[in-house]
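This report introduces a protein to a reader who has not met it before. Please keep the sequence and the model in view while reading.

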Amino acid sequence: MKEDNKDEAVVSVKIMSILRRILVCLLILIFGITVTAVLGSLEPELEQRTEEELARSLICLPVKEQNVRLTLSGYGTAKPNLIVQISSQVGGKVVYERPCLEAGCIVPQGEVILRIDPRDYEIQLRNSQAELKRLRSEYAIVKRSIDDLERELLEQNKVLALTEEAHKRNIKLFAKKVISESQYENSQKAFALQRSENIRLKGTLAQAGISQEAIDSQIEKSLADIDKAKIDLERCTIASPFTGRIDSLNVRKDSFVKVGDKLFEIFDDSNIEVAIDIDALKITNLIDLKDILDDQYIAWFRDAGNIPAEVNWADRSDKDDFKTDGRIVRIERFNERSRTFTMVVKPEYKSGQKPILANMFCRVTIFGRTVNDVFVVPRLAIQLDGNVFVADEDSCLRSRNIEIINSSESGVVVRGLKRGDELLMQRLPRDLVAGTKVKILRPDSKSPLWHYSATPENELQAWNRQVQSINVRAKSDIKVDARLSEKQK
């Protein structure tokens, strides 16, 4: 009995513990509901807004057609058109250098910059001249011998003719038994000896002629040695080939150089060119590339049509200090990988303009043909699908297909709009689609957005400021819409 009573007591304690826990949970739940109801009653009632008030605010501006001169911009480094690497053509010790010779100094044309020790080449010149004098003397001796041999041979030919006539006469007399056999033999022997003497003289004369030709060739070689020695003497003096600026200096006075050693590099600062890469399709749309001049060479463009351009130092693009006019002087190459033309632009300086210096990174703007009745829109107005949005008479968004003619820093030139269209001047927010009713917001009339003649930098900054402002207001509208929806629920 006692054990049963103990079991009942334990069960009763457990039941009471569970009931207490349930009661505590109910009390907490009731407290939470009460607090929520009180806080809800304290919240002010939100003002109901109309559909027009809930419409998103977007930047729109009316557009108008205009005549636009197409432009393209590219970047490149200014390089001298004339760069010469001066190397040593003779070997020896540098015995002279121009005073104040340093990299960057300007030297006029013809001024002596370096001089190599010329004494070895002066000795070579004197040796060559002495050898020439000896050869000419030897040549004169051989020439005199040839003249003597020719005169002697002429006399011997006469004697041979007489000896031959006498021998023929003795042959006839011997046949008639007029002369003795010994006389006949003496006549035959005299004729043979005279003929042998003539043959010897001819051989000696031929040898003398060969010796003369050999000496003559040696004289030619000696003259060439003299010319080379004179050229080497001239090469000992290194002068500026044109008026220019020293870029790098590799030797100094008392240095030893050999043939082929690089001495210095000089370039002409007054002849600067800028090479830029321009998209091939864009440049052919911008300008009319002329064909060849005649049928002799049909594989390249004759010229670039003398197209005007503007060159500006990229680091000072916001200033006109280093801005100058220019011209496209040639099309250098077609790049197969990038599908671009390399256009070479030459600056044309005017009085008072600062020069474009070598190695400056420059922005080049090319001016092309003029197109009529087109519209200039900002880049931000072009949506990701390549079209634009306009607001109709009911302030609803409508997609509009356009044709992009040219794109530059100052905007995108397009066709496909109508005069007075309210063009959306920003990227369409993700939660908006065609047909959505919007609230048109126009910037102040003094904004660069109203003036297409504004500089590209100011124009882009204005677009960015306006878009940022509208995005902030749009986010605020979204928050208000969300709170109203929650309140209605």
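## Terms and basis

Two strands are said to pair if DSSP finds at least two bridges between them. Strands (E, at least two residues) and helices (H or I, at least four) are DSSP runs, numbered from the N terminus.

The model is predicted: local features need pLDDT of at least 70, side-chain atom pairs count only at pLDDT 80 or more, and totals for chains, interfaces and linings use all residues. Residues are numbered from 1 along each chain as its sequence is written, and side-chain values use heavy atoms, with hydrogens and water left out.

## Overall composition

The protein contains 6 helices and 21 strands. Of its 489 residues, 33% count as buried, where buried means under 20% relative accessible area, exposed over 50%, and partly exposed in between (1.4 Å probe, protein chains only).

A contact requires heavy atoms within 4.5 Å. Among contacts between residues at least 6 apart in sequence, 76% join residues at least 24 apart.

## The four-stranded sheet

An open sheet of 4 strands follows the order S7-S6-S4-S9, with antiparallel pairing. Strand S7 (237-239) and strand S9 (256-257) lie at the edges with a single partner strand each, so one side of each has no neighbour in the sheet.

Strand S4 (residues 92-97) and strand S6 (residues 112-116) are joined antiparallel over 3 bridges. Within this pair, Tyr96 stands opposite Arg115 in S6.

## The nonpolar cores

In soluble globular proteins, nonpolar side chains tend to be buried together. A nonpolar core is here a set of buried Ala, Val, Leu, Ile, Met, Phe, Trp, Tyr and Cys residues joined through side-chain atoms within 4.5 Å. The largest such core has 33 residues, of which Ile283, Met343, Val364, Ile366 and Val413 touch the most other members. Elements that each supply at least two residues of this core include strand S2 (66-80), helix H5 (280-286), strand S12 (308-313) and strand S15 (361-377). S15 gives the most, with 6 residues.

Which residues does Met343 contact, leaving aside its neighbours within four places in sequence? They are Val274, Ala275, Ile276, Ile278, Ile283, Ile287, Ile328, Arg330 and Ile331. A second, separate core of 20 residues includes Ile113, Cys236, Phe242 and Val257.

## Strand S15 and its partners

S15 also takes part in several antiparallel pairings. With S2 it shares 10 bridges, and Gln66 has Val374 in S15 as its bridge partner. With S12 there are 5 bridges, and Asn312 is matched with Arg363 in S15.

Strand S19 (residues 411-415) pairs with S15 over 3 bridges, again antiparallel. Here Val376 stands opposite Val413 in S19.

## The five-stranded sheet and Asp421

Another open sheet has 5 strands in the order S17-S16-S20-S1-S21, and its pairing is mixed. Its edge strands, S17 (397-400) and S21 (438-441), each pair on one side only. Strand S16 (residues 388-391) is antiparallel to S17 over 4 bridges, and the bridge partner of Phe389 in S17 is Ser399.

Asp421 lies in the loop between S19 and strand S20 (422-424). Is Asp421 buried or exposed? At 13% relative accessibility, Asp421 counts as buried. The side chain of Asp421 reaches the backbone nitrogen of Lys418 at 2.9 Å. Not counting residues up to four places away in sequence, Asp421 touches Leu61, Pro62, Val63, Val390 and Arg400.

Technical notes: A polar contact is a pair of N or O atoms within 3.5 Å; within protein, one must be able to donate a hydrogen and the other to accept it, and residues adjacent in sequence count only if both atoms are side-chain atoms.
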